[in-house]
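Please look over the sequence and the structure shown here before reading the notes that follow. They take up a few places in turn, grouped by topic.

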Amino acid sequence: MKHILKSFAAGVAVLAGISTAHAADAWHHGVVEAKGDAGIQFMPTKFAGKFDLDLKTVEFASSTVPVKALLAGEIDSYATTPLTAIAAMAEGADLKFLGCNWPGMTYDLYARGDIKSVRDLKGRTVGISGPGGAPDLFAREALRWGGVDPSEVTFANAGGGGDRFRAVVAGVVDSTATSSEFEPEAAERGVNVIARAPEATPNLLRICIVTSDKVIAEKHDQLVRFLAAQMVGHKYAIENPKETADYARQIAKLSPDDKTPEFIYDEVVKYDAVKPDLPIMADKLLWNVDMMHRNGRIKEAYDIKQFIDEGPRQDALKLVATN
């Protein structure tokens, strides 16, 4: 059952919560708009009741907004690209990484039919969701990987992932970076895939879970139960592909013949992209810090370990083992 909860700051598209039948403690968790990957992203809501938690999953239009909602106390956690948290941490925000549920970067650089390679993008436009977000920084790194300096293209705000892909199809922008789940549609619409993240940016992390120091201090028990639900839900999603695909169509309101849920599931399995035990991957987070510094999105590189809290994850692993 979906609920419209309330409005957050400007930029939020939709708030969709899914309640369990019984819930002792409410937990608001932010994600980026539901797409074909929603079956994996939302599956933990089905298991929150097992841990006496009422998990409400809140959708945002882009990855740049959830960090603001978390810092404002409007949500308890979020799971999107770690890049926006890294930028906030560089400014002293009291945030912590808790684990990475989808570290594999299942992401592509798409381009109009007349563009055959990254080199062909010189002088063209690249659609992003905003400066410093995953589409922006993945595109910049993919451009360098393909031999093009980012200064040789024009970046333009083109909305969320689905909107950006449609902007390429309509010729509004020449290229964009977004989830690899659009590959089947790209083939049908004459759109080319000119770079894939596993080859172009293997250290770029796609989704990590973030909360605030305040939440850790005041809601530690609920936080542990939330992470336990994430672990069990993601494991179930990986082990049950048909149910996961059907759930994605329900959540994202996809048509029955839309095959993006099956495609993104196969991508996840192919690249071992989703990790139910939520590893933190400090070395890759540090690479992401250095990459953001290299692209001018933070003033100085810093030691990311001061923004990692391994304790709640360890407690959640113990809780899962006893249930």
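## Briefing on a predicted model

Lys253 lies in the loop that runs between helix H10 (241-252) and helix H11 (260-271). The model in which this loop is seen is a predicted one, with a mean pLDDT of 90 for the chain and 93% of its residues at 70 or more.

**Confidence**

- Among the elements of the chain, the lowest mean pLDDT, 34, belongs to strand E1 (residues 2-3), while the highest, 98, belongs to helix H9 (residues 220-239).
- The pLDDT is below 50 over residues 1-23, a stretch that nevertheless has 61 contacts in the model beyond near neighbours in sequence.
- Where pLDDT is low, the predicted coordinates should not be read in detail.

**Positive phi angles in two loops**

- Lys253 is a residue other than glycine, yet its phi has a positive value, near 55°.
- With a relative accessible area of 65%, Lys253 counts as exposed, because that value is over the 50% cut-off.
- Met281, placed in the loop between H11 and H12, is likewise a residue other than glycine with a positive phi, here near 60°.
- The relative accessibility of Met281 is 26%, and this residue therefore counts as partly exposed, since the value falls between 20% and 50%.

**Helix H12 and its buried face**

- Helix H12 (residues 282-294) has 13 residues, which at 1.5 Å a residue should span 18 Å, and this agrees with its end C-alpha atoms, which are 18 Å apart in the model.
- The buried residues of H12 are Leu285, Asn288, Val289, Met291 and Met292.
- Seen down the axis of H12, these buried residues fall within an arc of 165°, so they line one face of the helix.
- The partners against which the buried residues of H12 pack are two helices, H3 (83-90) and H4 (134-145), and two strands, E6 (95-102) and E12 (207-212).
- Gly296, just after H12, takes a positive phi of about 75°.

**The five-stranded sheet**

- Five strands form an open sheet with mixed pairing, in the order E9-E8-E10-E7-E11.
- Strand E9 (154-157) and strand E11 (192-196) stand at the edges of this sheet with a single partner strand each, so one side of each has no neighbour in the sheet.
- From one strand to the next, the twist averages 30°.
- Within the sheet, strand E8 (residues 125-128) and strand E10 (residues 175-179) run parallel and are joined by two bridges, with Val126 standing opposite Ser175 in E10.
- Helix H5 (residues 161-169) packs on the sheet, where it touches strand E7 (107-111), E8 and E10, and the direction of H5 makes about 145° with that of E10.

**Strand E3 and its parallel partners**

- Strand E3 (residues 25-32) runs parallel to strand E4 (residues 53-60), and eight bridges join the two; the bridge partner of Asp25 in E4 is Leu53.
- E3 also pairs with strand E5 (residues 77-80) in the parallel sense, over two bridges, and His29 stands opposite Ser77 in E5.

**A buried glutamine in helix H1**

- Gln41 is found in helix H1 (residues 38-42), and its relative accessibility of 9% is under the 20% cut-off, so this residue counts as buried.
- Leaving aside residues up to four places away in sequence, Gln41 touches Val31, Ala79, Asn101, Trp102, Ile207 and His234.

Terms used:
Residues numbered from 1 in each chain as written. Predicted model: local features only at pLDDT ≥ 70, side-chain atom pairs only at ≥ 80, totals over all residues. Heavy atoms only, no water. pLDDT = per-residue confidence, 0-100. Helix = DSSP H or I, 4+ residues; strand = E, 2+ residues; numbered from the N terminus. Contact = heavy atoms within 4.5 Å. Expected span 1.5 Å × (residues − 1). Buried < 20%, exposed > 50% of the residue type's maximum accessible area, 1.4 Å probe, protein only. Arc of directions from axis to C-beta. Pairing = 2+ DSSP bridges. Axes fitted to C-alpha atoms, helices over the stretch in contact; angles between N-to-C directions.
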